[in-house]
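Hi,

Here is the structure I promised to pass along. Have a look at it first, and my notes on what turned up are underneath.

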Amino acid sequence: MEIIIAVAIGVLTGSGLWLLLRPRTFQVIIGLSLLSYATNLFIFGMGRLRGNAPPILKPGTAGDISQLADPVPQALVLTAIVIGFAMTALFLVVLLASRGLTGTDHVDGRESDR
Amino acid sequence: MTTAIANHLIIAPIVLPLLVGAALLLMDDRRRPLKALLSVSSTAALLVISMFLVWRADGMTALSHTVSYPLGNWPAPFGIVLVLDRLSAMMVLLTSVLGLAGLVFSLARWHRAGPHFHTLFLFQLMGLNGAFLTGDLFNLFVFFEILLAASYGLVLHGMGVVRVKAGLHYIVVNLAASSLFLIGVSLIYGVSGTLNMADLALRIPTLAESDRMFLEAGAAILGVAFLVKAGMWPLSFWLPTAYAAASAPAAAVFAIMTKVGVYVLLRLSLLLFGNGAAESAHFGTQVLLYGGMATIAFGAVGVLATQTMSRLAGYSVLVSSGTLLAAIGVGNATATSGALFYLVNSTLAIGGFFLLIELVERGRDPGADVLAVTMAAYGYTDEDDVAEEVEVGERIPTVVAFLGGSFIAFALLLAGLPPLSGFIAKFALLTAIMDPAGIGTGGPQYVVTWVLVALLILSGLSAMLAMTRIGIQTFWSPIDGVVPGVRGVEIAAVAFLLLLCVALTVRAGTVFDFMESTAASLHAPTDYINSVLQGRAGAAGQGGATP
């Protein structure tokens, strides 16, 4: 499982970075989204990957730490997802405003003249 | 009872702008006078509260100068805490001072330039205050996002092609930096099992050797996120454009946004990587020192190269950030106290300068700057003007006299010339850098110190040159002598910040006493740690979900 997660994070980060450096605003926003997915997976991975382990105690039991998953990274991931989603939506609005005002979807507001 | 209320006041700088800002959101935008009244009065209340907090952090009779406020009353390493100490109280005070000045300034016209200005402005203050007060790394991330989200709105306030273009770049850079922030925080959590800063400071010396590399990698990635905010040299190309494009009241508050990055770096590097951090002690100080020096150099060249005032102010932000980063990198308590004084002084000066620029440029033709430079470059002189002799002894309009006088004052402040507080700040920094063991011992450190001293002085010189040039173009040789229409509240806002700088000069001794005790407690953070963990120091490392 570790290798799959690691490869997934790597591929997402790589594609995200590549898209982030592209000149079209739409590519940039997809790149940022991919980067934030990679980040979220990474945070999740920092709680150690463990199958079949709930992150909460059963009522009335003392609980055994070796049988439980770490709940903190899961809470962090939830927060990060919500914030990332909001920021992507906000960026989308700015992207549209830029497209409307400059008439192009280039990040600099004008086509580069090579 | 009274102490209970006093304790709860710690959270007021976060809750008050949140509630008022949210309430203003529900109000119709046409009821602008009421909205303005509410937001100005709540910011004024914030100023009073933060003055009380500073008094409390400084004047407490007890041994501890740190108060921690557990949110929801969960005990420290598990719940989130707010921590009030001298540094955070001072930063909150600085935020509300700048916020009040910016808000009052905006009443003349800027708050009508777009929807929900007051809400965005108050949320910005809330995010800033939260970032200064929190004692938890992930909570810091949340407050960073709040202040950034509000600042995205404020950059775009007033719209226009320039703002949207600058805003687009600003948002992308900061979103990417936020990803780095998260990666750094989670990496640190992964090895140490805690997000509480005080708890983290206790756990770092006990980390296993194999984990130390991960911790340092996490701290470095986290540091990059803060350095983007602070505008260290290779990460700062977005900054002058975004700051120059923002509307004046927004730019004035942005003057403290770079200082948030500096604040966090100062706090974390001294708390986590102070003398007690075993092998990790002083991690990253070299990067801060050299990076800060590169930033000063880049900023100074930028200051000289700019042709508009707002970009000049943007590059001054970089110079001030660079100076602070280098001073943190020097890493002794004297330099830190000098840096804190410099921080307050430069934030007030740059904030006021951004406000002044808007007033001055209001009366000018947008192309005038470029035209003046081009004419100078091609050796044109206005010979026609000499012929039609201007009436001798013509009276300068009061507004122009005020603007010119303030411009001179800000030039003195930014360049660090006597008699104003900029000089005191720079003098304190230079003394701190030259005085201790560093100089006279020879070796590479010796050279670095002298280079830093030279850079500090040269950056002042370049600020002086650029300000003189632009001041002459603006006030002495206007192409058409239009007197800008300036309202009383705008003059009041600029004068308020200037008077504070004068007060900082007159009462420099008192302020310096405060800064010295702040620096001393930053360099010996046991008080901070004990107060947050409430004597749990012995139990650290056992509690929590240590993986």
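**Salt bridges, starting in chain A**

At a relative accessibility of 29%, D105(A) counts as partly exposed, because the buried class stops under 20% and the exposed class starts over 50%. Before going on, please keep in mind that this is a predicted model.

What does D105(A) pair with? Its side chain meets that of R24(A) in a salt bridge, with 2.9 Å from N to O. R24(A) sits in the loop between helix 1 (2-20) and helix 2 (25-45) of chain A, while D105(A) is in the segment after helix 3 (71-102) of chain A, so the pair ties together parts that are 81 residues apart in sequence. R24(A) is partly exposed too, with a relative accessible area of 26%. As general background, side chains of opposite charge can pair when their charged atoms come close.

Over all chains, the structure holds five salt bridges. Two others I looked at are in chain B.

One of them joins D199(B) and R203(B), whose closest N and O atoms are 3.4 Å apart. Both belong to helix 8 (residues 197-203) of chain B, and being four residues apart there means that about one helical turn separates them. Are these residues buried or exposed? D199(B) is buried, with a relative accessible area of 3%, and R203(B) is buried as well, at 8%.

The other joins the side chains of R212(B) and E209(B), at 3.9 Å from N to O. Here the two are three residues apart in helix 9 (residues 209-230) of chain B, again about one helical turn. The burial is split in this pair: R212(B) is buried, with a relative accessible area of 4%, whereas E209(B) is exposed, at 54%.

**Two buried polar residues in chain B**

T43(B) lies in helix 3 (residues 32-59) of chain B. Its relative accessible area is 0%, so T43(B) is classed as buried. Where does its side chain find a polar partner? A polar atom of the T43(B) side chain lies 2.6 Å from the backbone oxygen of S39(B). If you set aside neighbours within four places in sequence, T43(B) is in contact with S96(B), G99(B), L100(B), L103(B), L122(B) and L125(B).

S269(B) is the other one, and you can find it in helix 12 (residues 257-272) of chain B. It counts as buried because its relative accessibility is 13%, and the cut-off for buried is under 20%. The side chain of S269(B) reaches the backbone oxygen of L266(B) at 3.4 Å. Not counting residues up to four places away in sequence, S269(B) touches V264(B), G274(B) and I328(B).

**A nonpolar patch on the surface**

Which residues make up the nonpolar surface patch? They are M434(B), Y446(B), V447(B), W450(B) and V451(B), and the patch covers about 420 Å². Helix 20 (residues 444-476) of chain B supplies the largest share of the patch, four residues. V447(B) is found in that helix 20 of chain B, and at 48% relative accessibility V447(B) counts as partly exposed.

If you want a place to start in the viewer, try the R24(A) and D105(A) salt bridge, then go over to chain B for the patch that includes W450(B).

Cheers

Methods. Residues numbered from 1 in each chain as written. Chains lettered and ligands numbered in written order. Predicted model: local features only at pLDDT ≥ 70, side-chain atom pairs only at ≥ 80, totals over all residues. Heavy atoms only, no water. Patch = residues over 30% accessible without salt bridge, like charges linked within 9 Å, V, L, I, M, F, W, Y side chains within 5 Å. Areas by Shrake-Rupley, 256 points an atom, 1.4 Å probe, with all protein chains shown as cover. Salt bridge = Lys/Arg side-chain N within 4 Å of Asp/Glu carboxyl O. Buried < 20%, exposed > 50% of the residue type's maximum accessible area, 1.4 Å probe, protein only. Polar contact = N/O pair within 3.5 Å; in protein donor to acceptor, adjacent residues only side chain to side chain. Contact = heavy atoms within 4.5 Å.
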